Amino acid sequence: MSAHFIDHEYIENLLEDAKHSGDSAVIRSLDKAERMETLTHREIATLLVNDNPDHLERMFRIAGEIKRRIYGNRIVIFAPLYVSNFCVNRCAYCSFNHRHDFGRRKLTMDEVREEVKVLERMGHKRLALEAGEHDGECPIDYILDCIKTIYSMKFENGEIRRINVNIAATTTENYRRLKQAGIGTYILFQETYDEPVYNRVHIAGPKKDFVYHLTAFDRALEAGLDDVGGGVLFGLADPYFDVLGLMIHNEHLERKYNTGFHTISVPRICPAAGMNIADFPNLVDDAIFAKIVAIIRIAVPFTGMILSTRENHVMRKQLLELGISQISAGSSTGVGGYAQREKNETITPQFLANDDRIALSVIAELMDDGYLPSFCTACYRSGRTGDRFMSLAKTGQIGNVCLPNALMTLCEYAMDYGDDAFRKKAAAVITNEIPTIANEHIRRRTAENVEKISSGAGRDFFV
Ligand code: SAM
Ligand code: SF4
């Protein structure tokens, strides 16, 4: 196996030892988690292998408490935008893999504008730009053109204020150019930290190079991109091994660059055209998946956790309580999917989503469940990224800064996109939160805005 910061044998030994660590070790780890102390690898492994229902119940409670203490009830909303499905790689799990024969395409800049209009009409302010890897059809210049086009658009009251980018591992120079283009988080899933499995499922193409993929964030951070988002594709390898891999990767970045993952995504493999899900022997069931989400929340309390429409809304609801802080809504996972959905046409999605509700329904349901949907992108716009964001989070300031912003952006969303019922619901949710705003002036302004949403005033009023 190649030399790098993921020591395969070390992780295997951690998991093997944890199986014999006994009840008292689980209790001690949970005690530490409750005090929000940093857990060692051994302690995380102990929690991962534990199946005792009483300990699990306590673990879920602690994860929920940590989540509420740090993030309150805010949930950040985003949507993916697929711009190109050309791909030279052969990832065994993905419908865009090079061997799968289907009508491939990439969006023209006019088509990018069409997609963004639909997304802005849904009220989205934050996108994750997605593409396959293909230097000929989809070079970095094309990605940069897409970013420029999207940021330059303003349609009715809509505007995309933050573009996160999920494209293949690339060079330091290309990361520097992405930084100059003003992207938010650079997202890349390691897929799995288990190198032999990684080599098996990545059959051919540049992505097959485990070390190049693993060191992508080192290059990104060296290029000045300070928000990076990791993730693994659960279902490829032993999920416990991969959680420990994520934690070790995070520590490597913290040690070397003073900033760990800004977010962690937790995708699970979904069925997709051109692959057979039965070929994957490590699929993760709902119970283990919930345990994993809770343990990640406990182990890295200040790292945002992202869930996509790969999960159905029942699962999403449970995972929001355990630690998820960002979800996608109203997503399409195909190139040109938003405009085509409006015309009732079909496309080849990257995988089959499990939550196909429209964004407004997802957002209304979040409020019914006691959450505060947030469209805020202020941190990024005021330069609070990397370690500056982390120090905001670690000093407990997220609540003071993010809560007013979440309330303000929900007001704006209700005004621009909500019907009467939605506005009423949003007004009630916001009113409920007003007493918790620390700043008197912001408290008063938020109350004034609520009155105006309730009376259905035009948007110009905004204070
Ligand atoms: N092409 C780039 C890459 O692979 O890194 C980035 C974009 S790719 C569109 C985004 C992610 O989709 C991949 O990292 C992979 O984890 C995920 N994905 C691919 N096939 C999937 C499937 N069948 N189910 C769930 N997620 C899948
Ligand atoms: Fe291409 Fe990414 Fe799909 Fe792999 S996961 S086939 S690199 S689009």
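Select S84 in strand β1 and A131 in strand β2: A131 is the bridge partner of S84. The tour starts at this pair in a predicted model and follows the strands from one to the next.

**First stop: β1 and β2**

Extend the selection to residues 74-84, which form β1; this strand runs parallel to β2, and five bridges join the two. Between them, display helix α5, residues 109-121: β1, α5 and β2 together make a right-handed β-α-β unit.

Now colour β2, residues 126-131, by burial. Six of its six residues are buried, so that the strand counts as mostly covered under the cut-off of under 20% relative accessible area. Select R126, A128 and E130 to see one side of the strand, then L127, L129 and A131 to see the other; both faces are covered, and each of these residues is buried. This split reflects a general pattern: in a regular strand the side chains alternate between the two faces of the sheet.

**Second stop: from β2 to β3**

Where does R126 find its partner in β3? Select R162, the bridge partner of R126 in that strand. β3 comprises residues 162-166 and pairs with β2 in the parallel sense over five bridges. To follow the connection, display helix α6, residues 140-151; β2, α6 and β3 make a right-handed β-α-β unit.

**Third stop: the nonpolar core**

Select I143, L178, V266 and I296. In the largest nonpolar core, which has 147 residues, these four touch the most other members. Centre the view on L178 and show what surrounds this residue. Beyond the neighbours within four places in sequence, L178 is in contact with I140, I143, L144, I147, I167, I183 and L225. As a general matter, nonpolar side chains tend to be buried together in soluble globular proteins.

**Fourth stop: the cysteines**

How many disulfides are counted in the model? The count comes to zero. Select C146 and C138 to inspect one case: C146 is in no disulfide, and the nearest cysteine sulfur, that of C138, lies 7.2 Å away. C146 counts as buried because its relative accessibility is 0%. Move next to C376 and C402: C376 is likewise in no disulfide, with the sulfur of C402 as the nearest cysteine sulfur at 6.4 Å. C376 counts as buried because its relative accessibility, 14%, is under 20%.

**Fifth stop: β4, β5 and β6**

Select Y186 and V228, which stand opposite each other, V228 belonging to β5. Strand β4, residues 186-187, pairs with β5 in the parallel sense over two bridges. Display β5 itself, residues 228-231: V228 and G230 point one way, G229 and G231 point the other way, and all are buried.

Continue with G229 and T263, since T263 in β6 stands opposite G229. β5 and β6 run parallel and are joined by three bridges. Trace the chain between them through helix α11, residues 239-257; the crossover from β5 through this helix to β6 is of the right-handed β-α-β kind.

**Sixth stop: β6, β7 and β8**

Keep T263 selected and add G304, the bridge partner of T263 in β7. β6, residues 263-265, pairs with β7 in the parallel sense over three bridges. Helix α12, residues 286-299, completes a right-handed β-α-β unit with β6 and β7.

Within β7, select G304 and I306, which point one way, and then M305 and L307, which point the other way; all are buried. Add I327 to the view: this residue is the bridge partner of L307 in β8. β8, residues 326-328, pairs with β7 in the parallel sense over two bridges. The chain crosses from β7 to β8 through α13, and this β-α-β crossover is right-handed.

**Last stop: S308**

Finish with S308, in the loop between β7 (304-307) and α13 (313-322). Is S308 buried or exposed? S308 is buried, because its relative accessible area of 15% is under 20%. Show side chains here: that of S308 makes a polar contact with the side chain of R310, at 2.9 Å. Then add R316 and S328, with which S308 is in contact once its neighbours within four places in sequence are left aside.

Notes: Residues are numbered from 1 along each chain as its sequence is written. Chains are lettered from A and ligands numbered from 1 in the order in which they are written. This is a predicted model: local features need pLDDT of at least 70, side-chain atom pairs count only at pLDDT 80 or more; totals for chains, interfaces and linings use all residues. Side-chain values use heavy atoms; hydrogens and water are left out. Helices (H or I, at least four residues) and strands (E, at least two) are DSSP runs, numbered from the N terminus. Buried means under 20% relative accessible area, exposed over 50%, partly exposed in between (1.4 Å probe, protein chains only). A polar contact is a pair of N or O atoms within 3.5 Å; within protein, one must be able to donate a hydrogen and the other to accept it, and residues adjacent in sequence count only if both atoms are side-chain atoms. Contact means heavy atoms within 4.5 Å. A nonpolar core is a set of buried Ala, Val, Leu, Ile, Met, Phe, Trp, Tyr and Cys residues joined through side-chain atoms within 4.5 Å. A disulfide is a pair of cysteine sulfur atoms within 2.5 Å. Two strands pair if DSSP finds at least two bridges between them. A crossover is right-handed if, with the strands pointing away from the viewer, the path from the first strand over the helix to the second runs clockwise.
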